[in-house]
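Please open the structure in a viewer and keep the selection panel at hand. The tour below proceeds by stops, each with something to select.

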Amino acid sequence: MSAPETKRDARARRTSPLLLLAIAAGAALLASGASSCGARPPELVAPTAAPAIAPRASIAQDSAPKEEPRLVPAEAWLRTYLQLFGGLAPLDAQARLRGADGAQIFDDWATYASAIGLPDHRFDLPRGTQTNATMLATFERLGEALCARAVEHDLQGPKGGTPPGPPPLEARVIFAFEAPSPGTKLERASFEPRFDVLHRTFLGYPASLAPTDRTGRFLSLYQDVVARHAAKDAPKSRFTPEQAGWSAVCEGLIRHPEFQLY
Amino acid sequence: MPRPRSPRRPFRGLAALPLALAPFALASHAAAGTFVGAPPSPAANVAAATPAPARTLEEYRRFRALSIDLVGRMPTRAEIQELERAGFDLDRWIDARLGERGVVDRLLRVYMDALRLEVSPAFTVTPQATTLRRVQLKGPGGAALFVYYRLNQRRAREATDGEFCLTKGESGLQVPAADRVPTGEPIEVTQKVLDANTVEVKPWWLYGDYRAGDPVLRYGDAWKTASARYQPLPALLNGPDGKPASAVRVCREEAQSGATGRLLLTGRKRAPGPPPFDRLRPLPLDDGYAVQHKAEPIACTSQAAHTLSSECGCGVGLERCLPSDANTADGRAFALPDSAPLGLDRPLNAGPQTLSAWRRFWWTQEAVRFLEDVLANDRDFRDVVTARRTFVNGPLAQFYQAPTSSTPPQTRRPFGLVDEGEPLFDPARLPKDLLVNDLDRWDRVEDRGPRAAGVLTMPVFLTKYASRRARGAAVYQAFLCKSFLAAGVELTPSDEPDLTKRAGCSTCHATLEPLAAYFARVPETDWSFLPPASFPVDSPLCKKNAQGKAAGFCAPFYDPAFSDDAHGTLRGAYAARAHVDEGPAGAGAELAASPDFATCAVERVSSAFLGRALTSDDAALATSLRETFVASGYRMRALVRALVKSPRYLDASPWSSTLLRSERGATAGGGAR
């Protein structure tokens, strides 16, 4: 059913032809104008000298290469890890890393091989050239294992060793310094030379050259861990608070981006 | 802004340590009672007051990068102290490292990553002629007994000809040809039957001196010099009762050690009815080759010898054969590492492996030894694709002394060959005194034969890249740094068999097919060579008949798409007939002569050391390195020396830009960095 036509509708229907005529006339006029514009020669804008920009500040140009850091090749990483562990062959190191803890601290090299970026050409698995979450997690686990065992060896001394206690400095692999006496609060001056040994061991240069106040930040880490382990409600640990502190520092360095990259 | 350099100061407190610390000779120091091995350097472990830095941060980092790339690991504290010593000369240090193992290992990795020369476990290598299967019997007195045999071994005794050497009536067992356990109820084998059909042998896997008249050096006992890597599984060392075996019992024919044998002719005709003697298979008939060549002896190293003669065995101490621990072609025999990225001396694991794995493993080691020789002795790098020499140890000598092929020898009989034809590695060139169980002795073989060409004719390459085209594409990519990328053209239906012409295919195949043609005489998934005399490029033997069909035996070798009524065309030959007879050595020569060969070597090594692909910004460096490389006679040492001394490498440390900024940014966020 259609609605009845109103007067207004009827008026609109009557005027629409006139409106269309007006639009057509306007369009013709515009078209003729456009064609006459196209016929004109183009206007030339003369170049003008740009005004000098006044210097507001001066900084040195950074001409350092803007390249991504390289991932240490898996073989070099592995060789370094084993060298940090005292130069053992992988299977000997694996036995020591597992110790009496089974797979709680360390599984086996075969489990970690592809995760740390080693290729497996039998299956056409290429070399890992970039980090990924699994790789970082593996580096972390391997780092923790090394640091834990190094604390046991260097700061506690091997079980049944003679004489009992930590080995002499020259026999220590990672913590090649005298640890402070239990309960001693370590300040920066006494932390610094010890941390420098570790920094050189893992990152290859003196801590004082680090781009940040790395010594101060690792001192904070050490002190925090020692404090947590010394707290009355701290869970039982096989490490003294100081040993736990050094283990944390070791872990912080071995999982540092500067250790994995170059 | 670069940091101001600290004035160098004399090295304090510690004696200067030699930097040639033999990084790869770090022996296992797992002394009882100690947790780890020897520390890196006792002298460097003393923590005194923090010394002032002797070098700039950039110098330390450069040294660390150089150590990673040239030594193969990060520097030790002792080595850092050496860097800090007054008068330390980095150039001399680099030059000294170039002659060491670390650089060889680094470069080896570059090319092993490019070629991936390890064959998939899916590829089995179990030639009948060199594989001993094992059956457990009930021996005299009822004790269990192992007897080794070869599948399809011809025997003079009709009842067991081509099968296991005891009948069902004698052992109670039927031994299937397939990889299955024998069927039936074992009965006690009498001593008389046992002695008549089997013999005791002191085999190579048990005795270090197996070639002696009466071997005495048993593994795990008097044989004290066995390689640490030689680890036969207990299943091979012990009898069924678990006690150490002093010898193994083998079917009499397999135990023979003659160099040649007479062809066996029986005059049998195909007989109707079930197989006699409770056999699983009918009696074997005379082979056509044997009939035609009945007056000729056959070499017992031939792949077909055991199927043509009852006088050919596995040789002295069974040295031509590998033992399986079951009635299967690919049983387990030895423990091997799955992964040894730091070298065979330092595997990441080791476990029981199949016979195929044993063969594949040593194939890979051959390529590794060959590449190491080129790199360690700074030879012309083009040798990698052209040299005829190689290196073999005991297992490789065993593999090469009995030429085999992955295709049955019967397929080549119609072409007049008794077996694989012309081997790529001439067994006559092998050292005669190399024992099969000598894993550590690697002998240089100066000339494998006229068909040899670097890695291109090694089994590991030919099976890793099993097809002719795969081989062509592999060398194109590995040694010319080029890839085949399809052009953006429309693929239209076509019956054009010539891929160098077919629209949409020709953009790649116009280059690939001629390269693949160099490998036309090495059949797919195989490592043998089809001699031109038996397999001419155009063979009238394989011409099409009136119905457009060629003889069935032609199909594996001749391509019907390119055959006509006058001749058949060898598969893979159509695009470049001249390349076919040149063989892989022709491919090697073409690669070595290409100007892209040196450019590619520079690109591969540079991108590995710089950790990124080369870009147009590196054009000047690449050109300079290429000139150095070519001028040196394609020596890698010159290339690496020029690369690691270039500003582009030495200044490649990114730590002053992106990472440094992120470190600074991290300061606010806390955390120990």
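## Salt bridges in chain B

Arg379(B) is partly exposed, with a relative accessible area of 23%. The model in which it appears is a predicted one. Select Asp373(B) together with Arg379(B): their side chains meet in a salt bridge, 2.8 Å from N to O. Asp373(B) counts as buried, since its relative accessibility is 8% and the limit for that class is under 20%.

Next, select Arg388(B) and Asp447(B), which form a salt bridge whose closest N and O atoms are 3.2 Å apart. This pair links distant parts of the chain, the two residues being 59 residues apart. Arg388(B) is found in the loop between α11 (383-386) and β10 (390-392) of chain B, and Asp447(B) in the loop between β12 (443-445) and α13 (459-464) of chain B. Both are partly exposed: Arg388(B) has a relative accessible area of 37%, and Asp447(B) has a relative accessibility of 24%.

A network may be displayed next. Salt bridges with shared partners join Glu75(A), Arg79(A), Arg127(A), Arg101(B), Asp105(B), Arg109(B), Asp113(B) and Glu372(B).

## A pair between the chains

Select Arg70(A) and Asp69(B), whose side chains meet in a salt bridge of 3.8 Å, N to O. The pair crosses between chains: Arg70(A) belongs to the loop between α1 (7-38) and α2 (74-84) of chain A, and Asp69(B) to helix α1 (residues 57-71) of chain B. Are these partners buried or exposed? Arg70(A) is buried at 6% relative accessibility, and Asp69(B) is buried at 0%. Over all chains, the count of salt bridges comes to 68.

## Aromatic rings

The whole structure contains 49 aromatic pairs over all chains. One of them joins Phe202(A) and Phe259(A) edge-to-face, with 6.0 Å from centre to centre and 70 degrees between the planes. Phe202(A) lies in helix α6 (residues 188-203) of chain A and Phe259(A) in helix α9 (residues 257-260) of chain A, so the pair ties together parts that are 57 residues apart in sequence. Both Phe202(A) and Phe259(A) are buried.

In chain B, display the cluster linked by ring pairs, which includes Tyr148(B), Trp204(B), Trp205(B), Tyr219(B), Trp223(B) and Trp442(B).

Two arginines may then be viewed against rings. The charged end of Arg134(B) sits over the ring of Phe146(B), 3.5 Å from its centre. The charged end of Arg106(B) sits over the ring of Phe609(B), 4.9 Å from its centre.

## Helix α18 of chain B

Finally, select residues 619-631 of chain B, which make up helix α18. At 1.5 Å a residue, its 13 residues should span 18 Å, and the end C-alpha atoms are indeed 18 Å apart.

Which residues of α18(B) are buried? They are Leu621(B), Leu625(B) and Phe629(B). Seen down the axis of α18(B), the buried residues fall within an arc of 65 degrees, so they line one face of the helix. An α-helix has 3.6 residues a turn, so residues three or four places apart point the same way. What covers the buried residues of α18(B) includes α17 (595-610), α19 (636-644) and α20 (647-650) of chain B.

Rotate the view to the face of α18(B) turned away from its buried side, which carries the exposed residues Ala620(B), Glu627(B) and Ala631(B). The last selection is Gly633(B), which follows α18(B) and has a positive phi, near 85 degrees.

Definitions and conventions: Residues are numbered from 1 along each chain as its sequence is written. Chains are lettered from A and ligands numbered from 1 in the order in which they are written. This is a predicted model: local features need pLDDT of at least 70, side-chain atom pairs count only at pLDDT 80 or more; totals for chains, interfaces and linings use all residues. Side-chain values use heavy atoms; hydrogens and water are left out. A salt bridge is a side-chain nitrogen of Lys or Arg within 4 Å of a carboxyl oxygen of Asp or Glu. Helices (H or I, at least four residues) and strands (E, at least two) are DSSP runs, numbered from the N terminus. Buried means under 20% relative accessible area, exposed over 50%, partly exposed in between (1.4 Å probe, protein chains only). Rings of Phe, Tyr and Trp (its six-membered ring) pair if their centres lie within 6.5 Å; planes under 30 degrees apart count as stacked, over 60 as edge-to-face and the rest as tilted. A charge sits over a ring if NZ of Lys or CZ of Arg is within 6 Å of the ring centre and within 35 degrees of the ring normal. The expected span of a helix is 1.5 Å times one less than its number of residues. The arc is that of the directions from the helix axis to the C-beta atoms. Contact means heavy atoms within 4.5 Å.
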